[in-house]
Each structure stands twice: as C-alpha cells, then as structure tokens.
Amino acid sequence: MDKAREQQVLELVPTGAFVGGEWRAGASGATFEVEDPATQEPLISVADGTPADATAALDAACAVQEEWAATPPRERGEILRRAFALLNERADDLALLMTLEMGKPIAEAKAEVTYGAEFFRWFSEEAVRIDGRWSVNPAGAGRLLTMKQPVGPCLLITPWNFPIAMGTRKIGPAIAAGCTMVVKPAQQTPLSMLLLAELLSQAGLPDGVLNVVPTTKASDVTGPLFDDDRLRKVSFTGSTPVGRQLMELASKHVLRVSMELGGNAPYLVFGDADLDAAVDQAVIAKMRNIGESCVAANRFHVHESVADEFASRLAERLGRMKVGRGTEDGVEVGPLIDGKQRDKVAELVDDAVGKGAKVLTGGERVGDRGYFYAPTVLSGIADDADLLREEIFGPVAPVKSFSTDDEAVAAANDSEFGLVAYVFTNDLKRAIRVVEALDVGMVGLNRGLVSNPAAEFGGVKQSGFGREGGREGIEEYLATKYVAVDL
Ligand code: SIN
C-alpha cells in the first residue's frame, strides 16, 4: 500500500474530542499517539480526554435529549439511512484507517465496514416500529396502556477489536430510540470512531446527540459520568473483569446496563459431520479478526473418529495463511493489537505445550517488529491447559477429542462464559438435542459465523446480558411506561 494514500486517510481524521457538534482540543490540551500494531510506529495523535471533557460531553447530550426524543422516528431513521449510505461510500477510507490502527487485513476491514453500516440500515428500519400495547384490564374496569420511551443519555464504551461495528451496533439503536450519547472509544483504536462521528454529522445528526471523547485513562472519562445522575444507561463491550467493575459503578445510580463480555466458544464436530464444511468454517470461526473476537472459536472438541484428520486438515489450512501488515496484498493474518496481547497468546501456547500439547503448526512469534503471532494448531491438550478456560483472543486452535455426545456437551458447558457455541452434525435429532443443552446465548449450527445485524447478539453466564442487533437490540434503549387508564 502506498504511503501517500495512508497519509491521506490519516489526514481525514478529526483529532479532537467531539462535543456538542464541535471538534475541540481536550480540556487539558494533552494528546496521545495512536500506534500501528504492525510496525509499532505512531500514526497520529488525538486529544486525550479528561473528566472536564466527559462532563462537557454529557452536558451536550443532556441539553438536546428532550428535543431529540421528540424528533419524529421517521426523521431519526432517515438520518441512520443516510449514514448507512455514507459509510458504504467511504468504505475504503474507513477500512484503511481501521487496518492502520487495529491491524486487521484490509479485506476484513472492508467486511467490517459493511457489517457496521448494516446496523445503521437495520435500526433505520426499527426506528419506526417502536410500539406499545393497549389491553383491557382483566378485572373489566379500565384499560392498560404500555408505551416505550427513550431511556435517556447513554454512555457507550466500545472495544478495539471491531472499532466501527461495535460502535454502530450501539449508536444505531440509541439514535433510533431517541437517546443521546457519549461514546468512549478504545485507546488503541479511536481513529475510526472519530471519522464515524464526522460522517454521522454529515448525515444530519443534530449537534449534541453523539459526543465522542477519546482518552488514555478510561476512568477519567467514565468515572464522572457514572457519578452523574443525568446518565441513564451504559452499554459496554469488552472483558468480563472490566464489565464487573463497570456494573459496580453502575449500581450507584442504578443505571440500565448492557454487557457484551468475554467468550470461550466451543466448536463441536461430531463423527457424522461434513468434515470439509467443518474445516472451512473452522478457519472462519477461528481466524476472523486474527482470532481477536469474543465469538472466535476458542477450543475445538472433535469426535475421536475424526479428530486427527480434522486437526491435520486445520493445521494445513492455517499453516499456509499469509501473515503480515494488513495493508499488504494477500495478507490474511495481521498483527495482534499490542505486546500485552501477543505475550498472553504466547503464554497460553507455552502453558499448553508444557502440559504435553503437540504443535501441528505455528506456536511462535513472527518477525521482530509488530505484534505478530503465527496461526497455530495444537493437539493432545491436557485437561488443565489454561487455554481451555481462558479466552485466547489470538490465532490459536487447540483440538481435543471426545467420545460421546454427553461428554461433548459437558466439555462445551465447562466454562464460566456462555456467549456462543458452534455445532457440526448432519443428524437433525442430535443437532436439536445438543443445541438445547448448550449453555450459551448463540449457536452456529453447521456455520462458523453467527454475527448478523438482523439477529440478537449476546450471551449468558459471565458473557454478560442484553442483546445487540435484531428485534431486541432497540429495547436496550427504551424504557417501558405503563398507564392505568380509568374510563
Ligand atoms: C466481538 O468480538 O465483540 C463481536 C464480534 C461480532 O460482532 O462478530
């Protein structure tokens, strides 16, 4: 990729905090550098938000909440529809920016822009379907009216792994429902969110509805907002430990909370499965986003009759994937987000190998610049290997065999997480039995990808609660009011 083109895209990014429709240098004037994880070189500096910026952003959101809630749903929907079109028009710029700051290969970055834009289209259609109920009181006298209203100003905390789509998945329903918001993007990847804010403004979003405060000190921005009783809701995507802390903070003013937290997805392949499809889909379930996804397959439980063949075919596929900077032609595996994440992945592999696992491919860092780790397949995993319990968030596939369906389901459910599971079988009765027994919020049945703006995304157990996307996504931003009507 041409350096001049990279520079051109970086120059498109507004580098301030977006407050009340204006781009401002942060209150302290401080800035921070955003790093390219493929080269470890700085890309550009942006405003480092402070408590004063956070409060100014909430002030701006609160100032327009009433007017925004009263804006006709059709108008809110049309703004989202224009934003959908703009994101698609500007897909090349957004994708390159995302690749530069996050590392994912450019083709995946483009796929994320499409995925992210679809949340705007979906919620543009949902904005006009907010409804309620009218019923006769069971006792006969009087009527019961149920209406839905926007919850009010929201804090949206977005992660670094899908900088656009995890933003649009929260911003879209908040706009559709009539809520105003303050967004705190991840420190590693603020650039895509800043450009997204600019595009929303171009799409006609009124000033103050969306405010964005980048920062290196998350608690400086989120702390004052949790302390402020004008804030009504927090939506967070990130790790379970951080989610727990935020829930504690949210308890102070009993905030509405949506939590999309960690995962540890089991990928079950039964003896009757179509093995070609199971391997093809495993590549997607494991390698999408360099494995840095909460829905990435974390552990492969494969029936003993096909486990060796599955593992060697998966190793052959992952072993030939091209690793490199996401901007380069043909690259399929970019760097991990930072040194901490790369070291964690290496430690999990070393732990498994130390406990007897065999490396079929990979198992090492790549290069001396950038946070690269080779696509890795391990077999012969000990029951106490840490990567069976922890979220790997990297390109590592541990394969473990099972002999009975009960054993497979028990292994799949042996986790504090319950986000998603993948099941490969051609036996309909087995499929239904297993799907019903799995303790998760989502299942990919003979598919390695479940993400879809028209479907409810979310987990159970310590993967969190609340749903994003689908029919339920907008409900997270609506409060129910019941009216007892005396006739
Ligand atoms: C995530 O990893 O947080 C979400 C991935 C997705 O929406 O597909």
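Trainee: What makes the ligand count as sitting in the largest pocket?

Mentor: In this predicted model, the ligand sits in the largest pocket, and a molecule is said to sit in a pocket if more than half of its atoms lie within 2 Å of its grid points. A pocket is an open set of points, on a 1 Å grid over the protein atoms alone, where a 1.4 Å probe fits and protein lies on both sides within 12 Å along at least five of seven lines. Local features need pLDDT of at least 70, side-chain atom pairs count only at pLDDT 80 or more, and totals for chains, interfaces and linings use all residues. Residues are numbered from 1 along each chain as its sequence is written, and side-chain values use heavy atoms, with hydrogens and water left out.

Trainee: Why is the pair between Tyr-115 and the ligand called a polar contact?

Mentor: A polar side-chain atom of Tyr-115 lies 2.6 Å from an oxygen atom of the ligand, and because a polar contact is a pair of N or O atoms within 3.5 Å, the pair qualifies. Side-chain N or O atoms of Arg-169 and Arg-288 are each placed 2.8 Å from a ligand oxygen atom.

Trainee: How do you know how much of the ligand the protein buries?

Mentor: Taken alone, the ligand exposes 260 Å², of which the protein buries 99%, with accessible areas coming from the Shrake-Rupley method with a 1.4 Å probe.

Trainee: Which domains supply the shell around the ligand?

Mentor: Domain 1 (3-261 + 463-484) and domain 2 (265-452) each contribute at least three residues, the bounds coming from an automatic or database domain assignment.

Note on methods
A polar contact is a pair of N or O atoms within 3.5 Å; within protein, one must be able to donate a hydrogen and the other to accept it, and residues adjacent in sequence count only if both atoms are side-chain atoms. On a 1 Å grid over the protein atoms alone, a cavity is a set of points where a 1.4 Å probe fits but cannot get out, and a pocket is an open set with protein on both sides within 12 Å along at least five of seven lines; lining residues have an atom within 4 Å of a point.
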